[in-house]
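Reader: I have a model open and would like to go through it with you. Could you show it here so that we are looking at the same thing?

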Amino acid sequence: MANLERSKQRRGLVAINGAITFIVILLIIQIWLLSATLETFLAGHTGAAVPAAIFSGFVFLGCLALSLRRESIKSHANLDKPEIKSGCRNGLR
Amino acid sequence: MSLLRSPSREPLWREEFSVFTSDERYVTRRQFAKFLTLASLGMFVGNLWVLAKAYFAKTPSFPSVEVGEVGEIPVRGIKLFTYPTPKDHCILIRTGEDEYVAYSQKCTHLSCAVYFSAKDDRLECPCHQGFFSVRDGSVLQGPPPRPLPQITLERNGARLLAVGVKES
């Protein structure tokens, strides 16, 4: 039973790490998008501002959704239970 | 009820300040994810700011301003002037007997003033060695990301007039 629980926790941990990695990738894309938009704006071209803002908004919503999903994975995988925690010093918080 | 501390217990200062530096520096996944999401929100707000700047940007007006007389400067000579506002410094270059070009003097990298190098026939930024073509203002070398804005010139008799700015 404990093994099953531990396996569930491990899968939850992998999912959470994957979600955080994906958020980091989205953030890098967003940083590039902002710098490119600013660059074109300073060059006198304002046409890119609208699609860039819309795309950036979608990326932010994606990050938010992943962040919220991460919370739900954590509660679903019972990663707050102290007695089964392994692999990190204070467990997942 | 013990009023005295036993010698085996933690020191008093550790009991009273029971916060460990290592614990304070420890960043949880939740904190990290929150930070990333907030950074993403910041990027989105930045994009909205650019959008607002683009939407509310005033259309620049370009008056017709006399910058000099034909033949006033020698071939491969320069004259400095300001256009379209007194804060926008520009450089007029006589490239041929009857050829004149003018550019904004502000480098597109970090806004240092560019100068004309007659020896190398190019505009040079002394700050980071950014070079621009004297023909069209395009970047020849260095970190500038864009060509120099070119000032549109018109000839009215013996007078040279600046009538607009051509962005890249």
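The questions and answers below go from confidence to the contact between chains, and then to strands and loops.

Author: Happy to help. This is a predicted model, in which local features need pLDDT of at least 70 and side-chain atom pairs count only at pLDDT 80 or more, while totals for chains, interfaces and linings use all residues. Residues are numbered from 1 along each chain as its sequence is written, and chains are lettered from A and ligands numbered from 1 in the order in which they are written.

Reader: Which stretch of chain A has pLDDT under 50?

Author: pLDDT is the predictor's confidence in each residue, from 0 to 100. Chain A has a mean of 80, with 78% of its residues at 70 or more. Where pLDDT is low, the predicted coordinates should not be read in detail. In chain A, the stretch that stays under 50 is residues 83–93.

Reader: How many residues of the side of chain B that touches chain A are nonpolar?

Author: Two residues are in contact if their C-beta atoms, placed from the backbone, lie within 7 Å. By that rule the contact takes 31 residues from chain A and 24 residues from chain B. Ala, Val, Leu, Ile, Met, Phe, Trp, Tyr, Cys and Pro count as nonpolar, Asp, Glu, Lys and Arg as charged, and the others, Gly among them, as polar. The side of chain B that touches chain A has 5 charged residues, 6 polar ones and, as the value you asked for, 13 nonpolar.

Reader: Which strands stand at the edges of the open sheet in chain B?

Author: Helices (H or I, at least four residues) and strands (E, at least two) are DSSP runs numbered from the N terminus, and two strands pair if DSSP finds at least two bridges between them. The open sheet of chain B has 4 strands, paired antiparallel in the order S5-S6-S7-S8. Each edge strand has a single partner strand, so one side of each is left without a neighbour in the sheet: these are S5 (115–117) and S8 (139–141) of chain B.

Reader: What is the bridge partner of B:Phe131 in S8(B)?

Author: Strand S7 of chain B covers residues 130–133 and pairs with S8(B) in the antiparallel sense over 2 bridges. In S8(B), the partner of B:Phe131 is B:Gln141.

Reader: Which residue in the turn between S9(B) and S10(B) has a positive phi?

Author: S9 (residues 150–156) of chain B pairs with S10 (residues 159–166) in the antiparallel sense over 7 bridges. B:Thr152 stands opposite B:Gly164 in S10(B). The two strands form a hairpin with 2 residues between them, and the turn residue with a positive phi, about 70°, is B:Gly157.

Reader: Where is B:Pro84?

Author: Most residues other than glycine have a negative phi, and most peptide bonds are trans. B:Tyr83 and B:Pro84 are joined by a cis peptide bond, with omega about -5°. The place of B:Pro84 is in the loop between strands S2 (78–82) and S3 (89–96) of chain B.

Reader: Is B:Ser111 buried or exposed?

Author: A residue is buried if 20 or more other C-beta atoms, placed from the backbone, lie within 10 Å of its own, exposed if 12 or fewer, and partly exposed in between. B:Ser111 lies in the loop between S4 and S5 of chain B, and its phi is positive, near 70°. With 12 C-beta neighbours inside 10 Å, B:Ser111 counts as exposed.
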